[in-house]
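Colleague: I'm new to this one and would like to learn how to read it. Can we go through it feature by feature?

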Amino acid sequence: MGRLRKRALDRRKDAMHKTTTRLAKTHSTIILENLAIKNMTRSAKGTLEKPGTSVRAKSGLNRVILKQAWGEFGRQLAYKTKWYGSELINVDPKNTSRECSECGHTSPNNRRTQAVFECEACRHEAHADLNAAKNILRRGLEATTGTEGTSGTETPRVSKPAKRKQTRNDVSQDTRKKQTV
């Protein structure tokens, strides 16, 4: 069992390295939520005087978050974007899932269920994660340009290939190509 777990862990690490490398090489700007993962995975046990509620569910959620290694993903993106000449922007996650990507209205009532977002003010409906992603993108673009962004539907695409520094391996491949021509 130990060997199987180790193999699964190695596969997850390999997949994360490949994914973060691909993202850093192919995108000039990457925008992430700056999540407080340590606080998100804090225990819900409580104390003897004030015992926690939904402890089992919270521990299951903590296990899933930690297994997916969100913090490690962000750490790898941070150093790889520097290596490959792209930019990583961390955005404050406050109210990204409660703010309307169309009109900007923020309310806890905008997201009554986990999956559906419906704005109280303008009645805009969308998948909650897609709405939050548009807000994160808009905030990241505002941080790079220093201006107010547009609404979520008009947000420009940011995934242009990054300028990559030439490595020793690239130089030797170029030399081999010239020799064979």
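Modeller: Sure, let's start with a single side chain. Lys6 has a relative accessibility of 47%, so it counts as partly exposed. The cut-offs are under 20% relative accessible area for buried, over 50% for exposed, and partly exposed in between, using a 1.4 Å probe and protein chains only. Keep in mind that this is a predicted model: local features need pLDDT of at least 70, side-chain atom pairs count only at pLDDT 80 or more, and totals for chains, interfaces and linings use all residues. Residues are numbered from 1 along each chain as its sequence is written, and side-chain values use heavy atoms, with hydrogens and water left out.

Colleague: How many helices and strands does the protein chain have?

Modeller: We read them as DSSP runs numbered from the N terminus: helices are H or I over at least four residues, strands E over at least two. Here there are six helices and four strands. Starting at the N terminus, the order is α-β-α-α-α-β-β-β-α-α. The chain has 181 residues, and 25% of them are buried.

Colleague: Back to Lys6, then. What do the side chains of Lys6 and Asp10 meet in?

Modeller: A salt bridge, with N and O 3.0 Å apart. The term asks for a side-chain nitrogen of Lys or Arg within 4 Å of a carboxyl oxygen of Asp or Glu. Asp10 is partly exposed too, at 33%. The two sit four residues apart in helix 1 (residues 2-26), so about one helical turn separates them.

Colleague: Why do residues three or four places apart point the same way in an α-helix?

Modeller: An α-helix has 3.6 residues a turn, so such residues end up on the same side. You can see that spacing again in helix 4 (residues 70-84), where Glu72 and Arg75 are three residues apart, about one turn. They form a salt bridge whose closest N and O atoms are 2.6 Å apart. Both partners are partly exposed: Glu72 at 29%, Arg75 at 45%.

Colleague: And how many salt bridges does the structure hold?

Modeller: Eight. One of them joins Arg111 to Asp129, with 3.8 Å between the closest N and O atoms. Arg111 is in the loop between strand 2 (87-91) and strand 3 (116-118), while Asp129 is in helix 5 (residues 128-145), so this pair ties together parts 18 residues apart in sequence. Arg111 is buried at 18%, whereas Asp129 is partly exposed at 47%. Elsewhere, bridges with shared partners link Glu99, Arg138, Arg139 and Glu142 into one network.

Colleague: Helix 5 came up there. Which of its residues are buried?

Modeller: Among them are Ala128, Asn131, Ile136, Leu141 and the pair Arg138 and Arg139. Their cover includes strand 1, strand 2, strand 3 and strand 4 (125-127), where covering rests on contact, meaning heavy atoms within 4.5 Å. Just past the helix, Gly146 has a positive phi of about 75 degrees.

Colleague: Which residues that are not glycine have a positive phi?

Modeller: Asn95, at about 65 degrees, is one of them. Asn95 lies in the loop between strand 2 and strand 3 and is partly exposed at 28%. Arg123 also has a positive phi of about 65 degrees. Arg123 is placed in the loop between strand 3 and strand 4, and at 53% it counts as exposed.

Colleague: What about Ser107: buried or exposed?

Modeller: Ser107 is buried, at 7%. Its place is the loop between strand 2 and strand 3. Setting aside neighbours within four places in sequence, Ser107 is in contact with Arg98 and Glu120. Across the chain, of the contacts between residues at least 6 apart in sequence, 57% join residues at least 24 apart.

Colleague: Last one: how much space lies in the largest pocket?

Modeller: About 350 Å³. A pocket is an open set of points on a 1 Å grid over the protein atoms alone, where a 1.4 Å probe fits, with protein on both sides within 12 Å along at least five of seven lines; lining residues have an atom within 4 Å of a point. The volume is the space filled by probe spheres set on points joined across faces, edges and corners. There are 13 lining residues, and Leu32, Glu33, Leu35, Trp70 and Gly74 are the closest to the centre. Helix 4 gives the largest share of the lining, six residues.
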